[in-house]
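Work through the exercises below with the sequence and the structure in view. Try each task before reading its solution.

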Amino acid sequence: MRVTKIIKKNLLEIIFIFPLLIFISWINVLPIIRGILLGFQVLGRYSTYNYQQLATPTYSILNKTTNTVIIVGLALVIEFALALLTSLLLNRNFKGRTFFRSIVMLPYGVATVVSAIGFTFIFAPSGWYGNEILLKLGLIHSGINWIRGPIAFLSVAVADSWKTFPLIMLILLGGLQTIPDSLYEAAAIDGASKIQQFVHVTIPSLFPFIMIALIIRAVSEFNILSLPLILVGNNLLFLGTLSYDIYTSFSLGSANLADAVATILLVIVMIFVALYIYASNRLMERGSDE
Amino acid sequence: MNNIGKSLLWYIAMIIVSIFVLFPLYLIMIIALAPSGEIFNSSPVLIPSTITFSRFFLVIAVYDFMPHLILSLETAFLVSGICLLFGIPGAYAISKMPKRLGYSIIIFLFVTQMVPEIVIAVPIARTMLILGLYNTAFGIALAQSSIALPMITYVLVGTFKSVPSRLSESAQIDGASKLQAFYSIDLPLALTGIYVAVILAWLFSWDEFVLASIIAPLHTTLPVLIYYEITRGVGGVQAADAFSIILMIPVIVLVLVLQRYLKSNVFAGALK
């Protein structure tokens, strides 16, 4: 009785939400399940052969997994720091704020492949702009090879942050504007310094916005593909690029092998999501206790 | 610290951020326009001595540009349409739910998006093959919508939440049905947020690479074509760069013109 009453009262909402959930299940959840199954198949029969292949030195999957985790961490730190700094700056009421906000938003309109090409000119191995400028400023004495070795992580992370920080900035700026001035005034009356106000007022109020921004970005970050493909090519492979590489090689069984790589990526993302949800619940409970 | 010092610091900080943002864009511009001798040497120039537009004509001539441009446009508008079709009702329902349930659904949507595009690209390509949508704009658009929808829904939830609920409540007291209240009151008042959703979906599709390249490898969108040009193109890096500018300019104009709709509060509303 009670259930039918609730359904009747909220009929419109129920009718409205279902197409969305069904569509997402059809175009997203179903293919995921099929992708996982295909990764365990060789010529139509189930086996773990694909995964054994990936463990061999030809693919050295462990190395690609580490690369992926490093790039996600590094890129998130850089883009989040940039976004927080810019949003704090743009939250001040100075003349020209709208103008600077327009400039900062520009990279958001630039396609990833385009930004990758732009950064190819900066992070080319020798002779190009990155090295040229650092040499002229006297910061380095000989050219750096930006696309090989550990420094390639930094090149990819900086190029990626350039394109992605405006979105985080917008979310954080939206969050900053929801904090009432009275909170700061009260803190100031209690004798809190600017830094204390930042730690005890700004960060807690901003918390839900930080969480949503990080989840949105981390998700895409694990999938990083077209940018490293163009910027560093095969010098530094991530799970996404490895999967793409294998799939587009068009050799026999390559699609299944690509699915297996993608499944490993999926498992890592799921572990991350689980940790994330656990941490955000813990933090939210702690927040509501205060 | 006095006020002049404060604003000086602010302008210096803003200018540093702006240089970081603008420098790569400037490089993309001059590399397409400069003579290759001034770029490909040990100390590349920052200000070219002469400029040439020949690479733009080369790209348009060699790459059968128009059909691909039309495909990209078609796909982007289809993605916007599909996202609104499913996103508007879904977001409206979520905005009326208890906060915790609504928040859980939003997180669920983002979790489905956590799946690497490459994981779903291959199975979706097979589905599209069966449905006869392989190598079509509609096929790409359906796949891209799956990734764009969570973000669009999130923005729309915020928009609907910002419409005061007493408006549609008083309409219902006056005898309007829930559905009537939705399309005659909530929907018109949510238009600004809907514009933002259209821009976001459009931008996402214009940029998307993985799904487009796997679902439509032959007749494909501009980002994928640029990638082909870089890896096996005839005109070299500078031609690929000229191509990028063609892809970039309409979007930058779009972002600047529609700037006033991209207010930061549209990204915050869903969490209020």
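**Exercise 1. The lining of the largest cavity**

Task: Find which helices of chain A and chain B each supply at least two residues of the lining of the largest cavity.

Solution: The model used here is predicted.
Step 1. Start with chain A, where α8 (151-176), α10 (194-222) and α11 (226-231) each give at least two lining residues.
Step 2. Turn to chain B, where α5 (99-113), α7 (137-162) and α10 (191-207) do so as well.
Step 3. The largest share of the lining belongs to α10(B), with six residues.

**Exercise 2. Size, centre and make-up of the cavity**

Task: State how many cavities of 30 Å³ or more a search of the whole structure finds, then describe the largest cavity by its volume.

Solution:
Step 1. The search of the whole structure gives one cavity of 30 Å³ or more.
Step 2. The volume of the largest cavity is about 800 Å³. Its lining has 36 residues, and those closest to the centre are A:Thr112, A:Arg217, A:Ser220, B:Phe204 and B:Asp207.
Step 3. Sorted by residue type, the lining holds 22 nonpolar, seven polar and seven charged residues.

**Exercise 3. Positive phi outside glycine**

Task: Locate A:Ser60 in chain A and decide whether this residue counts as buried, partly exposed or exposed. Then locate B:Asn135 in chain B.

Solution:
Step 1. A:Ser60 is not a glycine, yet its phi is positive, about 25 degrees.
Step 2. A:Ser60 sits in the loop that runs between α3 (49-55) and α4 (61-90) of chain A.
Step 3. Buried means under 20% relative accessible area and exposed means over 50%. A:Ser60 has 25% relative accessibility, so it counts as partly exposed.
Step 4. B:Asn135 is not a glycine either, and its phi is positive at about 65 degrees. In chain B, B:Asn135 is found in the loop between α6 (117-131) and α7.

**Exercise 4. Chain B as a whole**

Task: Give the number of helices and strands in chain B, and then describe its span, its burial, its contacts and its exposed area.

Solution:
Step 1. Chain B has 13 helices and zero strands.
Step 2. The C-alpha trace of chain B spans about 75 × 70 × 30 Å along its principal axes.
Step 3. Of the 272 residues in chain B, 56% are buried.
Step 4. Take the contacts in chain B with a separation of 6 or more: 73% of them are between residues 24 or more positions apart.
Step 5. The area that chain B exposes is about 11200 Å², and 71% of it comes from carbon and sulfur atoms.

Note on methods:
Residues are numbered from 1 along each chain as its sequence is written. Chains are lettered from A and ligands numbered from 1 in the order in which they are written. This is a predicted model: local features need pLDDT of at least 70, side-chain atom pairs count only at pLDDT 80 or more; totals for chains, interfaces and linings use all residues. Side-chain values use heavy atoms; hydrogens and water are left out. On a 1 Å grid over the protein atoms alone, a cavity is a set of points where a 1.4 Å probe fits but cannot get out, and a pocket is an open set with protein on both sides within 12 Å along at least five of seven lines; lining residues have an atom within 4 Å of a point. Grid points are joined across faces, edges and corners, and a volume is the space filled by probe spheres set on the points. Helices (H or I, at least four residues) and strands (E, at least two) are DSSP runs, numbered from the N terminus. Ala, Val, Leu, Ile, Met, Phe, Trp, Tyr, Cys and Pro count as nonpolar, Asp, Glu, Lys and Arg as charged, and the others, Gly among them, as polar. Buried means under 20% relative accessible area, exposed over 50%, partly exposed in between (1.4 Å probe, protein chains only). Contact means heavy atoms within 4.5 Å. Accessible areas come from the Shrake-Rupley method with a 1.4 Å probe; for residues, only the protein chains shown count as cover.
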